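User: Hello! I am new to this structure and would like to go through its cavities and aromatic rings with you.

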Amino acid sequence: MKIPVSWIKDYVDINIDTDKLCDIFTLSGTKVDGVEKQGDKIKNVFTGRILEVTPHPDADKLRVTKVTTGDGEVQIVTGAPNITEESVGKIVPVALVGAELPDGKKISKGKLRGVESCGMLCSVDELDLDPDEYPNASDHGIWILPDETPIGIDMRDYLKLTDTIIDFEITPNRPDCLSVLGVAREASALLAQPFRKPTINLKEDGVSVNELVSVEVLDYELCPRYAARVVTDVKIGPSPAWMQSKLKASGIRAINNIVDITNFVMLETGQPMHGFDLDKIADSKIIVRRAASGEKVVTLDDKERTLNNDMLVISDANSAIAVAGIMGCGNSEVDSDTTTILFESAIFNRACVRRGSKHIGIRTESSGRFEKGLDLETTIYALDRAAMLVEMIGAGRVCKDRIDCVQRMPEKKRITFNPQRINQLLGTNIPTEQMVDILVSFEFEFNETVSEVIVPIFRQDVEIEADIIEEIARHFDYNNIKPTLLEGKATTVGGRSYEQKIRKNILDTVLSCGYSEIYTYSFISPKEFDKLNLPQDDTLRNAVQIKNPLGEDFSIMRTTTLASMLECLSINYNRRAEDVRLFEMANVYIPSDQDDEQVSENDEGYHKKVTLPVQIPMLTIGAYGDGADYYEIKGVCEEVFDKLKIKKFNYEPVTDNPTFHPGKTAAIYIKGELAGIIGEIHPLVVQNYECGKDTIAAYLLIDVLIKNSSDKMKVKPLPKFPAVTRDIAMVVDDGISAGKIDAIVKNKAGQIFESLKLFDVYKGEQLKSGTKSIAYSIIFRSPDRTLTDDEVNKSMDNIYKALKEKLGAELR
Amino acid sequence: MLKDQLEQIREQAQDQIKNEVKNAQQLDEFRVKYLGKKGELTALLRGMSELSAEERPIIGQLANDVRSFLENKIQEAAQEFEKSAMADELKNDVIDITMPGKIKKLGKKHPLTSVTEEIEEVFISMGYEIAEGPEIEFDYYNFKALNTPEDHPARDLQDTFYINDRIVLRTQTSPVQIRVMENTKPPIKIICPGRVYRSDIADATHTPVFHQIEALVVDKGVTMGDLIGTLKLFAKKIFGENTNIRLRPHHFPFTEPSAEVDVSCWVCGGVGCRVCKQEGWIEILGAGMVHPNVLEMCGIDSKEYSGFAFGLGIERTAMGKYNIDDLRLLYENDIRFVSQF
Ligand SMILES: [Zn+2]
């Protein structure tokens, strides 16, 4: 909210500079968002008299002038058509060398077609002024000021652009501060200066309002107070300059005296006001009622709006004349012929205005204020203040009495005042008297024994002791509270849980394998399922839907992380990154399989009866280029298993996962439980995502890894006896996997087996087609003796025999 | 006689090895000349048998001395030649030290993880645990239990993603605090890092998915001074020893008193620059004393216990630390961006 400092000063003396004032506001919770010094953008521009105008020797459209701004004279070349020989003696704004203009232009000495020019004569436009306000200034030329204007006056002074305007960020709990009076009240408390709220003083020389209009409120819940005054003999015209300049400085255009008064009072008190032309109100009857469902009105902006039954309207005997708190209707609008005005000052229910304004899609200054909540006392003050201004500026006759429909006034809240507890929570030693002074300065009161604080009506946000504590703390300044570090309190050990440690281990391991971490959105488009080649009935398509997504592309919670990974690989591939290795640790979200349909969303205990969707953490790995292949990612997975001390895992071919290559994909099982999938991406999916054709991906279920992990280890002693290594080469059918051979070797090698390593696979001319040669080194060792050839030979014989029998291996 | 000859051999040999033996081959010739089967010393010793019994041990001793003297000299020289031969060889064994290194690249940790871990470590060292909770959350935990009434502007459909009227994508990590408070007896000392959602269209400073980290402490006698002290320490550890903080009163539904916390600008140190919009301060945290209503909703007696909570955005912190000017880069994962970290 923008407020000129001069306006605040009408109600409280401010004897510190603006910077200090802003700091005080900011550190007490009324944050200053910006400060604008009026005229800040106009520098070194003065009123000056034209002494001489001569033609330019080389340019028909230019003229050479001699101008004085007080002492001496300067030569300025101008192209303005309204500067002629006849302009001699006229007073104009002169930007001297060194001047700065609102559009950022800086004036320096220069030559125009060979003639020296030491400044510029300015137009209204060049000074960034509203041409409407200076109707006598020339449209396309230099601004000719009145003849009696003294010369040598700084244009900022001439234009009275000397105010400072502060832009406040008012927190939603302080609607009372959305007003000049509210902010002035804060200043008064913080600067310890008296607060001068204008006192109401009315002549009221007309007939009683009750003879002119009646008001009936049909729904006090939605309209707790409705007050009105009537002004007769209205003379519509411009408001006085002081009022216009205050409105303008606050960012509101002056319209006419009546509209300006309603806006002025709204800014001053925070209470939105509305003026109706009473002659246009059928039967002089105001009814505050709920709108009929589907009721149509034409609002002041000439648009037809359809209302619903949760909204409130102000109606006359026939039809709605305003959407309560949001916008008036054209049928009761004040115009230049208006002679009798009804001023409305009312309170409308916050939620009602909020929903209504959303329903018809208009937010106004007024609706914004009602949404934040207004207090029932200011309603009357604002109404009377408007009437007082009417009398003050002679805009009409204020009728006697006011209409005031209110069912019950709120009681002032009382809160226990316990200085010791306040200091205890803050960690301070603020004396009780100081606390009392602070609260009194904010217009709180006390009962006789100072054991209870009485909250002023306008402070609807203050409800409990903690609110009182904040009042004291913010006046005291949070930054004056002595920092402490929980000495002796909340002594806990802390640290990561086992699961958190394991997750960090996984992350560090994958990083060390050369894969970089990515972050992607949790929601995806349902189209991703098509791109992933999933059949229509695939369970992954059953995803949690967002009711109000940012478009279809972000409309479901992902059930697979592969889509995001492939998108990332694709982005990099299409940006010509040659080789890319990525991973992500993030959740997928699976709808709860519990049938919760029968629990009503209105049920208070909904959160206890319904199961949330399940989130499952995934490690997703993806790569292409630079030799990245199935075996590399398999290696990464195994490195993770090794780090997590997962020893028992096996691979099964996967031929029917529609996203993966049917011949180059495996499922990983840990102790019989599916732990993940690795494979080359299916060529169709590669096409869909426009990835590199050798794109590989894997996902692992992090929870399965955690379940089978261990952080315990014992160092094994180093072997004391030498190992014996035997190589073995065999020819087998192509379809026989290394895994099968491994298993047989491990099974048959006996106690002395230590490890085996595949070192060669060969397919080619020298072999029968459909077969391959495969070679291993097998290492034997005993912990307590040097092995003899005989022992090893025996094991090897067993291995040979089993390989022959079970796989038909032909040993070479 | 024989003694003189031995002495003479010693001198002669010493002289020769010093002045004439220049390489390994000459050294070998030298060895053969003196110690070989037909060498001078060997020849000389054959004459030993003609000596008297008294002379023999004396001459024998001398002969051995001379032999070992020669052997030492030969060994010394041999080592010398070996060394210089190696040095010659090394002189020609040269690599281009500026050719590219061959290390297998490590992967890069995402800046959001780096910042999260850094913050986690600070708090773990102060005895905090890490708490986690669901991202798809009941509105009860995301709003109601956090003292955010039904018609609060934060609950507007435009800010929150809804799954249904009662289930939302959490807009803050605060619901985790509620879940912990419901199930744990104080003392409670946790941080809650995690992914949160707001319905903002992505631009340079917003993404609909982002990350927060919040801290919560509840115990008897926890004060606002404790909150401020903790914030100060945290700011210094994350943004540097010279960092100052400034608290401004603010409003959050779940804390009272509440504050927004600024840290002194990490670029200019507080004098004002483009990054801090000339203010010298950068707003980074929301904080406050846990609202008594929130404690009570979780079954914690607010007369007996008090607590503080604060939270900050990971993205914002990362942007500050790494001078990132567009948030969207963090979610685009261009390898040229990722590999800079
Ligand atoms: Zn700065």
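User: Which helix gives the most to the lining of the second largest cavity?

Analyst: Happy to help, and please keep in mind that this is a predicted model. The second largest cavity holds about 40 Å³ of space. Its lining includes Gln177(B), Ile178(B) and Met181(B). The element that gives the most, with three residues, is helix 7 (residues 174-183) of chain B.

User: How do the residues lining the second largest cavity divide into nonpolar, polar and charged?

Analyst: Among the lining residues are Leu146(B), Leu216(B), Phe254(B), Val290(B), Val294(B) and Ala309(B). Leu, Phe, Val and Ala count as nonpolar. Overall the lining divides into eight nonpolar, one polar and no charged.

User: What volume does the largest cavity have?

Analyst: Searching the whole structure gives two cavities of 30 Å³ or more. For the largest cavity, the volume is about 140 Å³.

User: Which elements give two or more residues to the lining of the largest cavity?

Analyst: This cavity is lined by 17 residues, and those nearest its centre are Ser28(A), Gly29(A), Thr171(A), Asn173(A) and Arg174(A). By class, the lining has three nonpolar, seven polar and seven charged residues. The elements you ask about are helix 12 (465-476) of chain A and strand 7 (245-252) of chain B.

User: Now to the rings: how many residues apart in sequence are the parts tied together by Trp242(A) and Phe264(A)?

Analyst: The structure has 28 aromatic pairs over all chains. One of them is Trp242(A) with Phe264(A), an edge-to-face pair at 5.7 Å centre to centre and 85° between the planes. Because Trp242(A) belongs to helix 5 (residues 241-249) and Phe264(A) to helix 6 (residues 257-269) of chain A, the pair ties together parts that lie apart in sequence by 22 residues.

User: Is Phe264(A) buried or exposed?

Analyst: Its partner Trp242(A) is partly exposed, at a relative accessible area of 36%. Buried means under 20%. With a relative accessible area of 2%, Phe264(A) is buried.

User: Which kind of aromatic pair do Phe234(B) and Phe310(B) form?

Analyst: Phe234(B) is in helix 8 (residues 224-239) and Phe310(B) in strand 10 (residues 306-313) of chain B, 76 residues apart. Both residues are buried. Their ring centres are 6.1 Å apart with 50° between the planes, and the pair is tilted.

User: Which ring does the charged end of Arg179(B) sit over?

Analyst: Chain A also offers an example, with Arg185(A) over the face of Phe458(A) at 3.6 Å from the ring centre. For Arg179(B), the charged end is 4.2 Å from the centre of the ring of Tyr141(B).

How values were computed:
Residues are numbered from 1 along each chain as its sequence is written. Chains are lettered from A and ligands numbered from 1 in the order in which they are written. This is a predicted model: local features need pLDDT of at least 70, side-chain atom pairs count only at pLDDT 80 or more; totals for chains, interfaces and linings use all residues. Side-chain values use heavy atoms; hydrogens and water are left out. Rings of Phe, Tyr and Trp (its six-membered ring) pair if their centres lie within 6.5 Å; planes under 30 degrees apart count as stacked, over 60 as edge-to-face and the rest as tilted. Helices (H or I, at least four residues) and strands (E, at least two) are DSSP runs, numbered from the N terminus. Buried means under 20% relative accessible area, exposed over 50%, partly exposed in between (1.4 Å probe, protein chains only). A charge sits over a ring if NZ of Lys or CZ of Arg is within 6 Å of the ring centre and within 35 degrees of the ring normal. On a 1 Å grid over the protein atoms alone, a cavity is a set of points where a 1.4 Å probe fits but cannot get out, and a pocket is an open set with protein on both sides within 12 Å along at least five of seven lines; lining residues have an atom within 4 Å of a point. Grid points are joined across faces, edges and corners, and a volume is the space filled by probe spheres set on the points.
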